[in-house]
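User: Hey, I'm new to this one. Can you walk me through it?

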Amino acid sequence: MESGPLTFTTRVGRLGYLNMHCVEIPADVVSHFGGTFKGRFLVTVNDRVTWQGGLMTYGNGMAYIMFSTKNMKAAGTQAGATITVRMEKDTSPYGLPMPEELQVLLDQDPESDKRFHALTPGKQRWIITWVSSVKDVQKRIDRSVLVMNNLKSIPPGKETFRLMVGLD
């Protein structure tokens with residue numbers, strides 16, 4: 001078992017039941033990274049686009065990583081095509097970039113910081129993704145304040161996405 005970067009050839013798969021595309025990860029590549037479906041990775045396709053993602057089980061020791069339409073276009077590829085992939089373990093704290101607006105709020109509010117870091121890594125990534133998903137700086141600030149204020153009012157262990165964004 002190794003953990004260093006690995007470059008390999010595979011194909012773009014289609015997950016019909018999800019109506020999405022994926023990078024198919026062969027079983028020997030999964031084994032290279034420890035044979036587990038845990039952890040986050042930096043994935044580069046055709047030396048043209050890089051993103052952070054996690055392995056999902058495909059069966060028979062194989063895995064897949066979601067491949068968005070935006071990333072497929074950036075990589076110059078399509079469903080069924082053969083692609084060159086470079087994969088390496090993602091050692092960043094959250095598995096994706098922390099928006100500056102959320103980080104400033106966490107730095108300024110110790111209670112928000114404590115509650116955020118008590119969440120599971122998946123819920124932390126969901127908050128980061130939700131805040132980052134808008135382009136407007138003021139909207140990212142508003143989302144950061146909303147989710148952290150809601151989080152502080154939810155009893156520990158009862159955090160749901162709907163409660164964190166104020167839908168329930």
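Here is a short chat about the fold, a pocket and a few residues.

Analyst: This is a predicted model, where local features need pLDDT of at least 70, side-chain atom pairs count only at pLDDT 80 or more, and totals for chains, interfaces and linings use all residues. Residues are numbered from 1 along each chain as its sequence is written, and side-chain values use heavy atoms, with hydrogens and water left out.

User: Cool. How many helices and strands does the chain have?

Analyst: The chain has 7 helices and 7 strands. Those are DSSP runs numbered from the N terminus: helices are H or I with at least four residues, strands are E with at least two. From the N terminus, the order is β-β-α-β-β-β-β-α-β-α-α-α-α-α.

User: And what does the C-alpha trace span along its principal axes?

Analyst: About 45 × 35 × 30 Å.

User: New topic: is Tyr17 buried or exposed?

Analyst: Exposed, because its relative accessible area is 64%; exposed means over 50%, buried under 20%, partly exposed in between (1.4 Å probe, protein chains only). Tyr17 sits in the loop between β1 (6–15) and β2 (20–25).

User: How much of the chain is buried, then?

Analyst: Of its 168 residues, 39% count as buried.

User: What about Asp168, where is that?

Analyst: Asp168 lies in the segment after α7 (161–164). Asp168 counts as exposed because its relative accessibility is 59%.

User: Which residues does Asp168 touch?

Analyst: Leaving out residues up to four places away in sequence, Asp168 touches Arg162 and Leu163. A contact here means heavy atoms within 4.5 Å.
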